[in-house]
Amino acid sequence: MVTVRHSHSTVYNPGETMEWLCSLGLPEGKISCLMAAEQWLQSRALTELACPQVHTGWEMVEILADLRMDKDALTAALLFPLVEAQVLSCEDVQSEFPPAVVTMLAAVNQMEAIRTIPVGPNQNPNAQQADNLRKMLLTMVEDVRAVVIKLAAQICYLRDVKNADEETRVLAAKQTNAIFGPLANRLGIGQLKWELEDLAFRYLHPQVYKKIAAQLEEKRLDREQYMKDFVAAVRQRMQDEKLQCEVYGRPKHIFSIWKKMQKKHLSFDQLYDIRAVRIVTERVQDCYAVLGIVHTSWQHLPKEFDDYIATPKQNGYQSIHTVVLGPHGRPIEIQIRTRQMHDDAELGVAAHWRYKEGGPAGREGALDEKIGWLRKILAWQEEVVDSSLAEELRNQVTEDRVYVFTPKGDIVDLPLGSTPLDFAYYVHSNVGHRCIGAKISGRIVPFTYQLKTGDQVEILTGREPNPSRDWLNPNLGYLKSSRARSKVQYWFRLQDRDKNYAAGKELLDAELARLNLVMEHPSKVLQRFNAGSMEELLVGIGGGEIKVTQVVHYIQSQYVKVEPEIDPRLISKPMHTPAKSHVVVQGVGNLMTHMAGCCQPLPGDAIVGYITVGRGIAVHRDDCDQFKNLQEHHPERVVEATWGDQYASGYEASIRIVANDRNGLLRDITSILANEKANVLRMSSNSDVAKQTAIINMTLELYNLDSLNKLLTKVSLIDDVIEAKRSL
């Protein structure tokens, strides 16, 4: 007969544990394990002190018993409410229970991040939430039993808030509909999905829920007799054809009835599947044999036929659905499936936990299971909520990440586009340095192969480290992650340190000798360029990370000549006359000014003036190192300066472009300069054959800071340009 699905309802009573566990149909091994856990709780006097948590734990055991979970999962479910309420600590559990139980408890706690998903329209996600969720997803993949325990805990929570205030009930229901219901559906755990949805629906729409429940109860007797007769007729037809199968009324849940009424705009009496039958066979071919018998015995409705065996649903659900007209022309829905399909529909991934108990022979199958769960869980996060967090999750979990496995089945989280070399450097620097090849699922692949979610990666290594400089060329596609690239760069820095040190020392000494300078304050120079020692500074110069001209320029700025007193006419009181020049000094225009060669300010830059002797006022950018040195020694010479409205002359500005060397690079750059009407006054370029990079220095004539920023932005967008910036 057709019945309303009853939710799990524990009747556990302290002191009757053994009888109660036997009534759940648990095998002896699981019963003895749970009895030992109860005795341990009694020894700590927790059954009296934490009675609500203990009852919740046994309630979760009852829920999971129907899902055929193993003894470790049942024990973890029993202890979880106590650990969550901090009545027990993980250390307490660790000393008494197997490591699998402790690990599972930690995994379920890790899944608490699921509650940070905003379900209200005014709640906004943040990066920390998305990061926590990504870690939680990985935890879920590592041990799917943690997911099932968390879903059972949510059912218990929904039951507990039955008598709470309306706001609490509604919030719990919304969270269930937004997160836990879709998760149970995605993993195919029908037993838990129905109860989660029904309880949430009851809190969100109490009047509608009661009305549908009353309508089901009112017609129960009439429907039961009708269905008894129809089920008997179906069984007889199967026996006549010598097909072995189970035939019974299919349980209904109220939320699915309401959803179908809303979707098809039907009244309760117009629904086809209020009267429903399920036929469970042993083989797939028997399903289609049963379908043929049903369709030849009763008239069917073609529009109501779905073959989910040939085309399974996204969560793996398989079954044949058809609607026939029974006695008196009443429509009856019939579902036909195999025993395995039935278990998968009711238990989902929970039916496959047994791989955990398998030996080495089952490792490949275990990996396949984990990959399948990973795909389902990643699909779940896509549908989890309709909010800005969905976009954040897509960016951090699916679109920008790939999840691959080591040969042992451990999961590795990498940026999208990562290669086997990225994977090798993630495992360990030495693995990356010694990498000579890679296999994906046992097949040799090139270093430039882009990893896909679910790949199993095996790295082949040599005896000695031997990275290639080609790996650093982003144009060749060997490395995606900056983490791996920095490890390769560091390795080459260590190998070339002596050579770079000698080259840097030679460069700096030659420049200082040419300008007749002496480094009088080495500590200031080291501080300016963030170098820990003089050796580190010279290595940076030799390796090209620090420009020798910048170092020499800074040393030169330390030399400040003592000049005669300032001409008092240059620091007269401000005059309120209109500014006619391009620079206004303390409100006065038409003074003799010039642009400082050290920083070459452009209109739009924040500027200050410095009174010189004989050359008028030098205009500096306010962040100029040489100006700061001058200000420190002669603060009385500093005057305010602003750009005037009538400026129309050009200024010189130097830019530096770093790019991967290729044919046509200079043509692309000069085309943009021509379009922006920038005059090129000077240009020099230098190519590094080893690194396959080019450095181009240009001096341009520009009219304001905005035009410079616009030009640099466009140059940065050229293919293979790594960096384009203003240089001093």
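The exercises below, each with a worked solution, concern a predicted model.

**Exercise 1. Overall make-up**

Task: State how many helices and strands the protein has, what share of its residues is buried, and what share of the contacts between residues at least 6 apart in sequence joins residues at least 24 apart.

Solution. Step one is the secondary structure: the protein has 28 helices and 19 strands. Step two is burial: of the 728 residues, 48% are buried. Step three is sequence separation: taking contacts between residues at least 6 apart in sequence, 68% link residues at least 24 apart.

**Exercise 2. The packing of α9 and α11**

Task: Classify the packing of helix α9 on helix α11 by angle, give the handedness of the crossing, and describe the residues in contact by class.

Solution. Begin with the geometry. Helix α9 covers residues 145-160 and helix α11 covers residues 190-204; they pack at about 30 degrees, and their axes are 10 Å apart. Angles under 35 degrees count as roughly parallel, so α9 is roughly parallel to α11. The α9 and α11 crossing is left-handed.

Next, list the residues. From α9 come Val148, Leu151, Ala152, Gln154, Ile155, Leu158 and Arg159; they meet Leu192, Glu195, Leu196, Leu199 and Tyr203 of α11. Sorted by class, the contact of α9 with α11 holds 9 nonpolar, 2 charged and 1 polar residues.

**Exercise 3. The nonpolar cores**

Task: Find the size of the largest nonpolar core, the element that gives the largest share of this core, and the contacts of Leu64 beyond its neighbours within four places in sequence.

Solution. The largest nonpolar core contains 63 residues, and Leu21, Leu64, Leu79, Val93 and Leu151 have the most contacts inside it. Elements giving two or more residues to this core include α1 (17-23), α4 (51-65), α5 (71-84) and α10 (166-186). Helix α9 supplies the largest share of this core, 10 residues.

Now take Leu64. With neighbours within four places in sequence set aside, Leu64 touches Met69, Ala73, Leu74, Ala77, Val148, Ile149 and Ala152. A second, separate core has 25 residues, among them Tyr425, Cys435, Trp471 and Trp491.

**Exercise 4. Positive phi outside glycine**

Task: For Ser441 and Asp720, give the phi value, then locate each residue and assign its exposure class.

Solution. The background is that most residues other than glycine have a negative phi. Ser441 is not a glycine, yet its phi is positive, about 50 degrees. Ser441 sits in the loop between β8 (435-440) and β9 (443-445). Its relative accessibility is 57%, so Ser441 counts as exposed.

Asp720, also not a glycine, has a positive phi of about 75 degrees. The loop that holds Asp720 runs between α28 (705-716) and β19 (721-727). The relative accessible area of Asp720 is 22%, so this residue is partly exposed.

**Exercise 5. Two loop residues**

Task: Decide whether Arg637 and Thr406 are buried or exposed, and place each in its loop.

Solution. The cut-off for buried is under 20% relative accessible area. Arg637 lies in the loop between α26 (625-633) and β15 (638-643). Its relative accessible area is 2%, so Arg637 is buried. C-alpha to C-alpha, Arg637 and Thr612 are 7.9 Å apart, while in sequence they are 25 residues apart.

Thr406 belongs to the loop between β6 (401-405) and β7 (411-415). At a relative accessible area of 13%, Thr406 is therefore buried. Beyond its neighbours within four places in sequence, Thr406 is in contact with Val412, Phe423, Gln456 and Val457.

Technical notes: Residues are numbered from 1 along each chain as its sequence is written. This is a predicted model: local features need pLDDT of at least 70, side-chain atom pairs count only at pLDDT 80 or more; totals for chains, interfaces and linings use all residues. Side-chain values use heavy atoms; hydrogens and water are left out. Axes are lines fitted to C-alpha atoms, for helices over the stretch in contact, and angles run from 0 to 180 degrees between N-to-C directions. Helices (H or I, at least four residues) and strands (E, at least two) are DSSP runs, numbered from the N terminus. Angles under 35 degrees count as roughly parallel, over 145 as roughly antiparallel, 65 to 115 as roughly perpendicular and the rest as oblique. A crossing is left-handed if the near helix is turned anticlockwise from the far one by less than a right angle, and right-handed if clockwise. Contact means heavy atoms within 4.5 Å. Ala, Val, Leu, Ile, Met, Phe, Trp, Tyr, Cys and Pro count as nonpolar, Asp, Glu, Lys and Arg as charged, and the others, Gly among them, as polar. A nonpolar core is a set of buried Ala, Val, Leu, Ile, Met, Phe, Trp, Tyr and Cys residues joined through side-chain atoms within 4.5 Å. Buried means under 20% relative accessible area, exposed over 50%, partly exposed in between (1.4 Å probe, protein chains only).
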